[in-house]
Amino acid sequence: MFFRHFYDHQLAQASYLVGCPASGEALVVDPNRKIEPYLQTAEAEGFRVTHVTETHIHADFVSGARELAHRTGARLHLSGAGGPDWCYAFAADAGAALLGESSTFRVGQVEIAVMHTPGHTPEHLTFLVTDTATADQPMGAFTGDFLFVGDVGRPDLLERAAHIAGTMELGARHLFRSLQRFRRLPDFLQIWPGHGAGSACGKALGAVPQSTLGYEKRFNWAFAVENEDDFVRAVLAGQPDPPRYFGQMKRINRDGPRLLGALRRPDRLPVERLATLLAAGATVVDTRPAREFALGAIPGTINIPHNRGFTTWSGSLLPYDGELYLLLDDRRDSTVDRVVRQLAGIGLDRVGGYFGAEVLEEWSGSRSALQTIPRIAIAEVRAAAPDGPLALLDVRSPVEWAAGHLPGSSNIPIADLGERLAEVPRDRLVVVHCQSGSRAAIAASLLRARGVADVRVFSGGFAEWSAAGYPVDRAGS
């Protein structure tokens with residue numbers, strides 16, 4: 001049996017290719033929208049992608065299963081176990097085989113047996129893999145977002161991201177029961193999860209790419225909790241706020257992602273077009289580092305630095321119902337394609353064009369001055385707080401704010417800022433801060449683009465404030 005693990009560090013997401021050397025057939029499990037690596041690996045190793053599947057309807061990225069099956073002519077296998085609310089709307093049109101508890105299918109001499117493991121989502125499946133050429137028991141399991149290394153999938157996303165009331169506790173109970181069934185499998189079973197450290201699909205995922213069931217039973221906290229009510233309390237406690245775009249991903253993946261074909265590089269646009277777009281209210285994203293943006297940026301653009309948090313903040317802040325435009329340094333040929341691919345991976349696949357970094361010089365030379373966003377030192381913030389002439393805006397999550405915040409500050413989470421602009425004062429200096437500066441820089445650019453003129457960033461944020469030993473307020477205190 002051939003086995004290959006793929007990992008997208010931007011999404012902290014794992015996918016897999018399993019092949020049968022005897023038949024030349026291959027299965028891809030949980031593909032993301034960048035399907036070329038699967039195709040290239042299959043071709044290089046002498047396989048044909050004949051089967052494509054996924055463990056569940058994903059919330060954190062757009063699935064590539066439909067795209068890959070369409071491109072290769074492979075048979076698409078999808079869960080049919082989620083009930084009427086969580087079935088794939090495009091399954092019939094795509095000719096997909098629907099799977100449930102005890103379903104099986106074969107990829108040459110490799111047998112895939114299905115367990116229905118609800119909890120993270122109602123339709124979630126786990127795939128047990130047996131290489132029948134050499135064994136009569138499964139070697140490992142593709143556990144998706146059910147079981148991770150050191151953690152389990154969070155059961156609160158349907159309620160907190162997709163806004164389906166009353167599903168959180170029920171999901172936690174289903175997850176507990178799925179774990180009790182799963183723990184009866186052999187300890188030697190390898191665990192191949194759908195995510196690693198950094199994913200928002202769990203609380204404390206391990207960075208090791210795989211494990212065994214025996215190891216997880218000994219050291220994963222979820223297996224140590226024997227009482228269902230205790231497990232429900234533990235698994236729901238302390239879950240981080242899900243990124244805002246997770247609800248969009250659920251809808252897109254359930255209804256059917258748009259088929260992209262070969263993703264075309266957008267056109268490189270002249271500076272004259274930028275002025276027209278900004279005047280019409282278009283969304284233009286400057287992907288340069290925050291420090292560079294703060295020192296000089298084109299008014300009306302939004303700064304989302306192209307770093308590890310790029311997809312999270314793009315999905316949370318950018319509109320899904322219109323075209324986007326990019327400003328980036330394209331001196332490296334791969335930069336444009338990489339940014340466009342990452343946006344398409346979370347469903348932002350309508351990039352209308354891009355501008356190179358030289359547009360900044362052309363803009364300042366022929367139109368007007370670039371804007372700056374000054375920083376403010378902790379001493380100035382300390383002198384003005386809590387009743388001074390500053391509006392202290394904390395853009396961290398409500399949980400972070402409740403645990404401790406600067407006296408006199410107000411809280412608007414960065415993902416909510418676009419909808420709550422009316423709450424931001426316009427009659428005094430607005431000082432934006434977060435924990436350590438990265439979110440505050442993005443938020444400040446959004447405020448400037450939306451007409452809040454007097455904005456500064458306290459880049460040290462709550463971390464610097466608390467480290468200095470200054471007074472801290474807490475919710476309810």
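This report walks through one pair of helices, two cavities and one pocket in the structure above. The model is predicted, and residue numbers start from 1 along the chain as its sequence is written.

**A pair of helices**

A good place to begin is helix H11, which covers residues 310–317, together with helix H12, which covers residues 334–345. Their axes come within 10 Å and cross at roughly 55°. H11 and H12 are therefore oblique to each other. The crossing of H11 with H12 is right-handed.

Which residues bring H11 and H12 into contact? From H11 come Phe-310, Thr-311 and Ser-314, and they meet Val-339, Gln-342 and Leu-343 of H12. Sorted by class, this contact has three nonpolar and three polar residues, with no charged residues.

**Two cavities**

Next, the enclosed spaces. The model has two cavities of 30 Å³ or more. The table sets them side by side.

| Cavity | Volume | Nonpolar lining residues | Polar lining residues | Charged lining residues |
|---|---|---|---|---|
| Largest cavity | about 40 Å³ | four nonpolar | two polar | two charged |
| Second largest cavity | about 30 Å³ | two nonpolar | two polar | four charged |

Around the largest cavity you will find Glu-54, Ser-63, Ala-65, Arg-66, Tyr-88, Phe-90, Asn-253 and Pro-257. The lining of the second largest cavity is made up of Arg-33, Ser-63, Gly-64, Arg-66, Glu-67, Pro-257, Arg-258 and Leu-259. Ser-63, Arg-66 and Pro-257 appear in both linings.

**The second largest pocket**

Finally, let us turn to an open space. The second largest pocket holds about 320 Å³. It is lined by 18 residues, and those closest to its centre are Asp-8, Leu-11, Asn-32, Lys-34 and Gln-342. Several elements give two or more residues to this lining: strand S1 (2–8), strand S2 (13–20), helix H1 (36–45) and H12.

Which element gives the most to the lining of the second largest pocket? That is H12, with four residues. By class, the lining of this pocket divides into seven nonpolar, six polar and five charged residues.

H12 thus links two parts of this tour, as a helix that meets H11 and as a contributor to the lining of the second largest pocket. Gln-342 is a handy residue to look for in the structure: it is one of the H12 residues that meet H11, and it is also among the residues closest to the centre of the second largest pocket.

Note on methods. This is a predicted model: local features need pLDDT of at least 70, side-chain atom pairs count only at pLDDT 80 or more; totals for chains, interfaces and linings use all residues. Side-chain values use heavy atoms; hydrogens and water are left out. Axes are lines fitted to C-alpha atoms, for helices over the stretch in contact, and angles run from 0 to 180 degrees between N-to-C directions. Angles under 35 degrees count as roughly parallel, over 145 as roughly antiparallel, 65 to 115 as roughly perpendicular and the rest as oblique. A crossing is left-handed if the near helix is turned anticlockwise from the far one by less than a right angle, and right-handed if clockwise. Contact means heavy atoms within 4.5 Å. Ala, Val, Leu, Ile, Met, Phe, Trp, Tyr, Cys and Pro count as nonpolar, Asp, Glu, Lys and Arg as charged, and the others, Gly among them, as polar. On a 1 Å grid over the protein atoms alone, a cavity is a set of points where a 1.4 Å probe fits but cannot get out, and a pocket is an open set with protein on both sides within 12 Å along at least five of seven lines; lining residues have an atom within 4 Å of a point. Grid points are joined across faces, edges and corners, and a volume is the space filled by probe spheres set on the points.
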